[in-house]
Amino acid sequence: MRKKYFLDLEEKDIYDLVIKNGEKKFCAEQVIDWVYKKKVEDFLQFSNLSKRFREVLADKYILSGLKLYSKEVSKKDGTIKFKFKTIDEKVIPTVFLPKKDKNIVCISTQVGCGIGCCFCNSGKVEFERNLSQGEILEQVIKVENITGKKVNGILFMGMGEPLLNYENVILAIKKFINPKMFAIGRKHITVSTIGLVKKIYDLSLERLGIRLAISLHASNDIVRKMIVPTRISYKIEEILKSGLFYTTQNDSDLTIEYMILKNVNDSINFASELVNMFNKIYPDKKKVKVNLIPYNDTYEKKFVKPKQEKILEFQEYLKKNGFLTFIRLPQGKDINAGCGQLGC
Ligand code: SAH
């Protein structure tokens with residue numbers, strides 16, 4: 001019989017498994033503690049469980065499914081770009097971003113990406129399959145065990161479109177926020193999406209209270225069509241309305257990601273369009289934050305990053321018009337670990 005991947009089990013499955021094997025109910029809590037709190041990756045080391053039960057687990061389940069394939073450390077800021085190999089030998093990227101007061105992990109949700117944005121290396125990797133919830137979770141377990149650092153923030157911004165792997169992403173988030181498991185604060189988890197309106201409404205109603213970021217990258221539908229594949233046919237106004245709906249259902253702000261590209265979307269006219277759009281649908285702007293992402297070079301050098309003055313001018317305009325606006329500082333540039341650079 002083929003072994004099952006333990007991290008794909010739900011909490012209830014773990015209880016059932018314990019009972020089925022004649023162990024006491026509290027053993028399920030011990031297993032959860034070993035796997036998700038202590039993050040021990042070998043059943044045989046679960047020392048407060050009977051030897052017999054440990055052996056049953058090891059016999060039937062795989063606990064460590066991802067294998068370290070490569071690891072590059074940035075000399076500039078300590079960012080680490082990992083690649084892991086799944087059981088079926090697919091390679092996925094995961095990035096560790098050490099910050100002053102937090103350790104953040106940027107995780108992948110799919111092997112390849114079906115969206116195919118022309119400005120993004122991940123978009124160039126052909127979509128093969130969704131990652132299971134266990135494969136999503138294990139990226140964080142591996143990063144903690146390899147770095148020895150406690151992870152306290154998660155970005156769903158690696159390879160793939162999280163909302164196209166909706167069910168597994170939701171299951172994984174529930175484990176990330178579960179106090180008996182990863183116990184990561186809801187506000188320290190961000191899902192970034194290209195703007196799949198229907199799924200954003202679904203996510204809103206899950207009421208998970210995590211952060212939502214939308215990769216808008218344009219202030220009008222013509223520019224958006226130019227840079228985001230036409231299969232994503234939602235209009236900017238619809239996308240923003242779904243994002244605003246999210247803020248009404250969750251105690252959370254909305255982040256608009258605006259990748260800034262020289263001579264494409266970097267002039268003040270575009271900043272002004274964005275302001276006008278919001279003045280129409282949400283003049284208050286209180287629950288919205290704009291993250292300006294300076295373009296990072298990709299394999300196809302299709303676009304160019306604007307000069308810093310231009311980016312600052314764009315930011316200033318948005319700020320003056322009521323938006324909380326930040327410029328995302330590039331991390332791991334020397335190892336190509338920045339946004340859009342995670343090919344495989
Ligand atoms: N598919 C999701 C998750 C990717 S998140 C999404 O589209 O949101 C990664 C972020 O980096 C997105 O905002 C993405 O649009 C942005 N990005 C992609 N390529 C980039 C590049 N070359 N330079 C800067 N940002 C880029």
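Helices H8 and H9 are oblique to each other: their axes cross at roughly 55° and come within 11 Å. The model is predicted. Besides this helix pair, the briefing covers the packing of H9 with H10 and the surroundings of the ligand, around which 20 residues are placed.

**Helix packing**

- Helix H8 comprises residues 236-249, and its crossing with H9 is right-handed.
- Helix H9 spans residues 268-281 and also packs with helix H10, which spans residues 308-320.
- The axes of H9 and H10 lie 9 Å apart, and the angle between the two helices is about 25°.
- H9 is therefore roughly parallel to H10, since angles under 35 degrees are counted in that class.
- The crossing of H9 and H10 is right-handed.

**Polar contacts of the ligand**

- Phe119 takes part through its backbone, where a polar atom is 2.8 Å from a nitrogen atom of the ligand.
- Ser215 places a polar side-chain atom 2.6 Å from an oxygen atom of the ligand.
- His217 has an N or O atom in its side chain that is 2.6 Å from an oxygen atom of the ligand.
- On its own the ligand has 540 Å² of accessible area, of which the protein covers 95%.

**Composition of the ligand shell**

- Strands E10 (189-193), E12 (254-260) and E13 (288-294) are the elements that each give two or more residues to the shell around the ligand.
- Of the 20 residues that surround the ligand, the closest are Phe119, Ser192, Ser215, His217 and Asn296.
- By residue class, the shell around the ligand consists of ten nonpolar, eight polar and two charged residues.

Methods: Residues numbered from 1 in each chain as written. Predicted model: local features only at pLDDT ≥ 70, side-chain atom pairs only at ≥ 80, totals over all residues. Heavy atoms only, no water. Near = heavy atom within 4 Å. Polar contact = N/O pair within 3.5 Å; in protein donor to acceptor, adjacent residues only side chain to side chain. Areas by Shrake-Rupley, 256 points an atom, 1.4 Å probe, with all protein chains shown as cover. Helix = DSSP H or I, 4+ residues; strand = E, 2+ residues; numbered from the N terminus. Nonpolar A, V, L, I, M, F, W, Y, C, P; charged D, E, K, R; others polar. Axes fitted to C-alpha atoms, helices over the stretch in contact; angles between N-to-C directions. Parallel < 35°, antiparallel > 145°, perpendicular 65-115°, else oblique. Left-handed = near helix turned anticlockwise from the far one by under 90°.
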